[in-house]
Amino acid sequence: MSHVVGTGCMAASVIGTFSAVHKDLAEAAAAALSVYGIAAELAAKESKGPATFKEKLFDNIYRLDKETIDRMKNIE
């Protein structure tokens, strides 16, 4: 993500979205970054460079489902 402009801003947007529906802001931020990281992992597997990574990241954020999140989450 260090090679793509806007990924930090997008992470902040995801955190804000999760914070709007969960009262514990630390838990909301942790969950948001976990989901964002999962989308990034999937995007990295599918992309061929920075431009396709950003496209795939947006696609994966959009289509993530509970099963994928449960399978890939790594929060302790």
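The questions and answers below deal with the fold, the first helix and the nonpolar core of a predicted model.

In this predicted model, local features need pLDDT of at least 70 and side-chain atom pairs count only at pLDDT 80 or more, whereas totals for chains, interfaces and linings use all residues. Residues are numbered from 1 along each chain as its sequence is written, and side-chain values use heavy atoms, with hydrogens and water left out.

Q: What makes up the secondary structure of the protein chain, and in which order do the elements run?
A: The chain holds four helices and zero strands, where helices (H or I, at least four residues) and strands (E, at least two) are DSSP runs numbered from the N terminus. From that terminus on, the order is α-α-α-α.

Q: How do you know whether the protein chain is as compact as a globular protein of its length?
A: The radius of gyration is taken over C-alpha atoms, and the globule rule is 2.2 Å times the number of residues to the power 0.38. For 76 residues the rule gives 11 Å, and the chain has 12 Å, which is close, so the chain is as compact as a globular protein of that length. Along its principal axes, the C-alpha trace spans about 40 × 25 × 20 Å.

Q: How do you know whether the span of α1 agrees with its 13 residues?
A: The expected span of a helix is 1.5 Å times one less than its number of residues. For α1 this should come to 18 Å, and the end C-alpha atoms are 18 Å apart, so the two agree.

Q: Which residues of α1 are called buried, and why are they said to line one face?
A: Buried means under 20% relative accessible area and exposed over 50%, with partly exposed in between (1.4 Å probe, protein chains only). In α1, T7, M10, A11 and V14 are buried. Seen down the axis of α1, these buried residues fall within an arc of 105°, so they line one face of the helix; the arc is that of the directions from the helix axis to the C-beta atoms. On the other side of α1, G8 and C9 are exposed.

Q: What makes a set of residues a nonpolar core, and which elements supply the largest one?
A: A nonpolar core consists of buried Ala, Val, Leu, Ile, Met, Phe, Trp, Tyr and Cys residues joined through side-chain atoms within 4.5 Å. The largest core here has 16 residues, of which Y36, I38, L42, F53, L57 and L64 touch the most other members. The elements giving two or more residues to this core are α1 (7–19), α2 (25–46) and α3 (50–63), and the largest share, eight residues, comes from α2.
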